[in-house]
Amino acid sequence: DEFDRLDRLLSVWHPGSDVSRINTAAGRERVRVERETLDVLRVAQQMSEWTGGKFDVTFGALSGLWKFDHDQDNRIPPASDVHARLPLIDYKGLELDAGSETVFLRKAGMRVHLGGVGKGYALDRVAAILRAQGISDFLIQAGGDLYAGGRRGNRPWRAGVRDPRGPVDQIFAAMDLHDETFSTSGDYERFFMKDGRRYHHIIDPDTGEPSQGARSVTIVAKTASLADALDTGIFILGPEKGMALIERLNGVEGVIVTSSNNVLVSSGLAGRLVVRSPPTDAP
């Protein structure tokens, strides 16, 4: 019920959602929203600051240009169409007012999209509900986002890092989790190949094109909203700058598989992450 409630509040696919109303009013007026909408947008703004705008919740301006679903026309959009929308992507043009509980997008045509942080926020809310009911041992999963509460019987929960170029059920590393979140962004879930290049759904807001440099980024943190947004932002930021950011943040660890198939592991995971075998090397 909580997942459904938040979906109706935060999804662009519901015409009456807070996010849809914010987008419709872009450039014209402030929109009164629910507290949860303000909360998740504040997380998004923080992630934008930390990643220098590589995570940008206003990337929704590109919606409809790139299509990565298997039943869609997977084509590369004209560069002119992409470049025309880039000026509409700017997290600094998103204004939040906690006092009046309103949100405003400064330019007409700007669009908020919570695809990079909404699922994580929902996991945090559901974990809070379970704990309020006295349930401390649980596992919640939504796509690439995982929340591991407590223990699995007499041992910790164990999560695996998927091999970006291996079969769906193949992992190359694993680690134990206890009251932590584990979130992965990768170029292998929604993509198409053209002329030997992989085009995937994680778009760099500076270029309007699929980000290059990483195959997957896994983040371990205490909150799922933080991990969900960070894995996307760091994927776009790139392996070197991304790992430097992970090392600067308290309570955040990460694993990055680079585009050249190297594996980078943050210092805090030394002794925790068990690498079973190198990830598969393929285009």
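Guide: A residue is buried when its relative accessible area is under 20%, exposed when over 50%, and partly exposed in between (1.4 Å probe, protein chains only). The model is predicted: local features need pLDDT of at least 70 and side-chain atom pairs 80 or more, while totals for chains, interfaces and linings use all residues. Residues are numbered from 1 along each chain as its sequence is written, and side-chain values use heavy atoms, without hydrogens and water.

Visitor: Why does Tyr199 count as buried or exposed?

Guide: Tyr199 has 10% relative accessibility; the limit is under 20%, so Tyr199 is buried. Trp66, at 11%, is buried as well.

Visitor: How many aromatic pairs are there, and what makes Trp66 and Tyr199 one of them?

Guide: There are five aromatic pairs. Rings of Phe, Tyr and Trp (its six-membered ring) pair if their centres lie within 6.5 Å; planes under 30 degrees apart are stacked, over 60 edge-to-face, the rest tilted. Trp66 and Tyr199 lie 6.0 Å apart, centre to centre, with 25 degrees between the planes, and are therefore a stacked pair. Trp66 belongs to the loop between helix H3 and helix H4, and Tyr199, 133 residues away, to strand S10; helices (H or I, at least four residues) and strands (E, at least two) are DSSP runs numbered from the N terminus.

Visitor: Which parts do Phe68 and Phe192 tie together?

Guide: Phe68 and Phe192 are stacked, at 5.7 Å and 25 degrees. Phe68 lies in the loop between H3 and H4 and Phe192 in strand S9, so the pair joins parts 124 residues apart in sequence. Phe68 and Phe192 are both buried. Trp66, Phe68, Phe192 and Tyr199 form one aromatic cluster.
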